[in-house]
Amino acid sequence: MTTETASADAAHSLPVPDHPALFLDFDGTLIDLAPEPDLVVVDAGLPDLLGAIQARLDGALAVVTGRELSDLDTLLAPLQIAGSGMHGLERREDPTGPIARPTQLPAISRLRERLGADRHVRGSGLLVEDKGLTITVHYRRVPHLKPVVEDLMREAIADLPELHLVPGKMLVEAKPFGDSKGTAIEAFLARAPFAGRTPVFLGDDVSDEDGFRAVAKAGGIGIKIGTGDTRAPLRLPDITASRAYLSRFLRR
Ligand SMILES: O=P(O)(O)OC[C@H]1O[C@H](O[C@H]2O[C@H](CO)[C@@H](O)[C@H](O)[C@H]2O)[C@H](O)[C@@H](O)[C@@H]1O
């Protein structure tokens with residue numbers, strides 16, 4: 001059996017609820033990971049697929065991502081969909097409506113200054129992704145620096161109790177306490193067109209575990225993409241399978 005056939009078989013073995021609300025992580029779930037956030041490739045088929053699902057589900061589709069929503073709009077242009085960015089901090093309930101976001105904490109400015117001055121960061125191959133409300137340090141190009149990044153981020157926020165660290169694939173992110181992908185999904189499920197539907201959430205990374213918890217609580221389905229520990233009850237092997245599963249929402 002080819003890998004492609006195995007992915008298609010896996011996609012067809014999973015259930016699709018009768019009246020679903022679909023929540024999707026982005027990197028590693030809908031597109032392949034790249035060496036840097038700006039180097040990802042979005043094929044033309046993805047906006048087309050998401051736009052068709054958005055119409056088929058009467059708008060009950062949201063992207064729940066660690067990226068900024070404006071970043072996602074650029075990657076999926078001209079498509080806009082409802083969603084939450086920066087792990088629950090940003091919300092856009094109406095696909096073409098405004099993005100709601102809290103004000104930046106002074107603690108993030110302090111962290112920014114510290115990282116800018118850190119000798120480990122400058123010229124090291126590490127990448128600092130400043131999202132305004134959160135700051136991420138990527139070590140994908142220098143994986144041996146993982147323990148250095150973990151230590152430097154732990155120390156950098158040690159006296160900033162408003163912040164905590166979220167690990168991800170080859171990154172460590174500092175963000176304010178409170179919101180998560182789980183709180184974002186719960187908020188969407190409380191309102192139209194998501195309310196009253198069975199939630200399905202696809203994700204691949206640690207921060208997606210909050211989303212899996214939220215959909216389980218609401219009687220829905222969590223699907224982990226790829227390998228790794230998870231609380232999600234179902235799994236798909238890769239992005240090919242993820243996209244094949246999503247196309248089934250058009251055929252219901
Ligand atoms: O919640 P997601 O939509 O999956 O976003 C999680 C993070 O995605 C991005 O980082 C990841 O993708 C990069 C590009 O492929 C890759 O270089 C990096 O190693 C991955 O962790 C994004 O840059 C982060 O801001 C998101 O939090």
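Two strands count as paired if DSSP finds at least two bridges between them. With that criterion in mind, select β9 and β10 in this predicted model: the two strands are parallel and share 4 bridges. Within this pair, G203 stands opposite K224 in β10.

**The sheet around β9**

Extend the selection to the other side of β9. Here β1 joins β9 through 5 bridges, again in the parallel sense, and L24 faces L202 of β9 across the pairing. Colour β9 by burial next: 5 of its 6 residues are buried, so the strand is largely enclosed by the rest of the structure.

Now display the whole sheet. It is open, contains 7 strands and follows the order β4-β3-β2-β1-β9-β10-β11, with mixed pairing. From one strand to the next, the twist averages 20°. Which strands stand at the edges? They are β4 (90-92) and β11 (234-236); each has a single partner strand, so one side of each is left without a neighbour in the sheet. At the β11 edge, β10 and β11 are parallel and connected by 3 bridges. Label K224 there, since a second cross-strand position involves this residue: K224 stands opposite R235 in β11.

**Helices to add**

Select α3 and show the helix as a cylinder. It lies across β2, β3 (82-85) and β4, and runs at about 130° to β3.

Then select α7. Its buried residues are D210, G211, F212, A214 and V215, and the elements they pack against are β1, β2, α6, β9 and β10. Step past the end of α7 to G219, whose phi is positive, near 80°.

**The nonpolar cores**

Show the side chains of L22, F23, L24, A62 and I185. These are the residues with the most contacts inside the largest nonpolar core, which has 37 residues. Several elements give two or more residues to this core, among them β1 (20-24), β2 (61-64), α6 (181-189), α7 (209-217) and α8 (239-247). Centre the view on L24 in particular. Beyond its neighbours within four places in sequence, L24 is in contact with T29, L30, V63, V64 and L202.

A second core is separate from this one and has 20 residues, including L111, V137, M153 and V172.

**The two domains**

Colour the chain by its domain assignment: domain 1 takes 3-100 + 179-250, and domain 2 takes 106-176. Over C-alpha atoms, the centres of the two domains are 26 Å apart. How many residues does each domain bring to the contact? Domain 1 contributes 13 residues and domain 2 contributes 13 residues. Select the domain 1 side of this contact and colour it by class: 6 residues are nonpolar, 4 are polar and 3 are charged.

**A last stop at H120**

Finally, select H120, in the loop between α4 (106-117) and β5 (127-130). Is this residue buried, exposed or partly exposed? The cut-offs are 20 or more other C-beta atoms within 10 Å for buried and 12 or fewer for exposed. H120 has 14 C-beta neighbours inside 10 Å and therefore counts as partly exposed. Apart from neighbours within four places in sequence, its contacts are V148 and L152. To close the tour, draw a C-alpha to C-alpha distance from H120 to T65: the two residues are 55 residues apart in sequence and 28 Å apart in space.

Terms used: Residues are numbered from 1 along each chain as its sequence is written. This is a predicted model: local features need pLDDT of at least 70, side-chain atom pairs count only at pLDDT 80 or more; totals for chains, interfaces and linings use all residues. Domain bounds come from an automatic or database domain assignment. Two residues are in contact if their C-beta atoms, placed from the backbone, lie within 7 Å. Ala, Val, Leu, Ile, Met, Phe, Trp, Tyr, Cys and Pro count as nonpolar, Asp, Glu, Lys and Arg as charged, and the others, Gly among them, as polar. A nonpolar core is a set of buried Ala, Val, Leu, Ile, Met, Phe, Trp, Tyr and Cys residues joined through C-beta atoms within 7 Å. Axes are lines fitted to C-alpha atoms, for helices over the stretch in contact, and angles run from 0 to 180 degrees between N-to-C directions.
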